[in-house]
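Reader: I would like a close look at a single part of this model, namely the protein surface beside one of the DNA strands. Please take me through it in one connected account.

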2 protein chains.
Amino acid sequence: MTRSASTPTGIRPSRRPVTRSHDAPTVSPDDLLKLDQQVCFALAVAARNVIGLYRPVLEPLGLTHPQYLVMLALWERSPLTVREIGRLISLEPATLSPLLKRLEAAGLVTRDRHPDDERALAITLTERGRRLREQALEVPPQIVERLGLRIEDLEALHGSLTRVIAATTPAD
Amino acid sequence: MTRSASTPTGIRPSRRPVTRSHDAPTVSPDDLLKLDQQVCFALAVAARNVIGLYRPVLEPLGLTHPQYLVMLALWERSPLTVREIGRLISLEPATLSPLLKRLEAAGLVTRDRHPDDERALAITLTERGRRLREQALEVPPQIVERLGLRIEDLEALHGSLTRVIAATTPAD
DNA sequence: CACTAACAGTTAGTGCACTAACTATCTGGA
DNA sequence: TCCAGATAGTTAGTGCACTAACTGTTAGTG
């Protein structure tokens, strides 16, 4: 009980930051810290919640969310190497390796050695994997409905996230 | 090779959605699907990338990102039950249980039975856990610097994420 | 008072997600 | 030609994150 609770709801809940960085040259460093704490927290929670929203929708397709992302990539272009998929969806080969084996076990992809480069794998959609796309078309509208956000909000979110990805992906 | 690749970069890369839902009453359902695919993808990648940004910064503190979120909650209010922490950062008790044992093993918290309710645990900061807060104050500015985003962008992101959390958290 | 509901937390099992260490293949010179 | 270094993927080990099934405690109800 050393530090008394500042709010009942917990982590900096309703402290709306005032946007005035253009008239005030220096933002209070204290506010900056708090804002960022909220952003890291909000990003993690929002991602978990939204992925949780996908779970029941993807379940009839027999896919998890990362598996769904891999399938989206393959529906765009079918023979891809592990490395290429990893670059597209920002995942390490070590993460994809077992995931792709599960997709193979489910009969959605094949994992064959690339003819030009025996090191690489050619991940190819099977007929079954290609057909699954039809069912997957039903997924996005269900998610949008469950999310219950307006298109403008979705677009604003997407814009912000794109900036974050642009700022974080190339540097690493 | 049934579907030829629409773009070399993969998942709907630069298809900026046109915001005209107020003059056109019906948005093309096809565009809607694509936008959403981008949002789910962008959210997952952005969260992974940003958490990855925290990794090296939190490493000297001996914390992982979810552990950091738990500590943030405890720095706000110290004796909390497992359930309360879970509500604050949207995690299942089953996820927190081993995590809290690791924090206890690290000497940052204690896990004692709650005096009023023998079912509940009172998770309390130790002196060491309380002192770690001083080091943690260095974390947010480092992240903001590594992110390299303007404050306005951060605030816009935070606003969008808050709407997502509001839309997803209570409904479930 | 007993007995059932609800509740708090834990355990087991599956599946990401990362780093580090490894095998196998390919490539560019000396 | 041979071989050092880069590259593609796998494996091992740690730590989330979820659901389902479990133990133990509390509280409400007949």
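Author: Helices and strands are here DSSP runs, of at least four residues for a helix and at least two for a strand, numbered from the N terminus. The model is predicted, and the mean pLDDT of chain A is 84, with 80% of its residues at 70 or more. Residues 1-25 of chain A are another matter, since pLDDT stays under 50 there, and the model has 34 contacts beyond four places in sequence for this stretch. Where pLDDT is low, the predicted coordinates should not be read in detail.

The part to look at is the surface near DNA strand D, which is surrounded by 26 residues, the closest being Ser97(A), Lys101(A), Arg111(A), Leu121(A) and Arg102(B). Of the atoms of DNA strand D that come within 4 Å of the protein, sugar and phosphate account for 77%. By residue class, this surface divides into twelve charged, nine nonpolar and five polar residues. Both chains take part: helix H1 (29-58), H3, H4 and strand E1 (109-113) of chain A each supply at least two of the residues, as do helix H2 (65-76) and H4 of chain B.

Several contacts to phosphate can be followed individually. Ser97(A) places a polar side-chain atom 2.5 Å from a phosphate oxygen of DNA strand D, and Thr64(B) has a polar side-chain atom 2.7 Å from a phosphate oxygen of that strand. For Glu118(B), by contrast, it is a backbone N or O atom that lies 2.8 Å from a phosphate oxygen of DNA strand D.

In chain A, the loop between helix H3 (82-89) and helix H4 (93-105) holds Ser90(A), whose phi is positive, at about 55°, although the residue is not a glycine. Most residues other than glycine have a negative phi. The corresponding loop of chain B, between helix H3 (82-89) and helix H4 (93-105), holds Ser90(B), where phi is likewise positive and near 55°. Ser90(A) counts as partly exposed because its relative accessibility is 25%, and Ser90(B) counts as partly exposed at 23%.

Ser90(A) also leads across to the other chain, for it is among the residues touched by Asn49(B), together with Ile165(A), Thr168(A) and Thr169(A). Asn49(B) itself sits in helix H1 (residues 29-58) of chain B. With a relative accessible area of 12%, Asn49(B) is buried, because the cut-off for that class is under 20%.

Definitions and conventions: Residues numbered from 1 in each chain as written. Chains lettered and ligands numbered in written order. Heavy atoms only, no water. pLDDT = per-residue confidence, 0-100. Contact = heavy atoms within 4.5 Å. Buried < 20%, exposed > 50% of the residue type's maximum accessible area, 1.4 Å probe, protein only. Near = heavy atom within 4 Å. Polar contact = N/O pair within 3.5 Å; in protein donor to acceptor, adjacent residues only side chain to side chain. Nonpolar A, V, L, I, M, F, W, Y, C, P; charged D, E, K, R; others polar.
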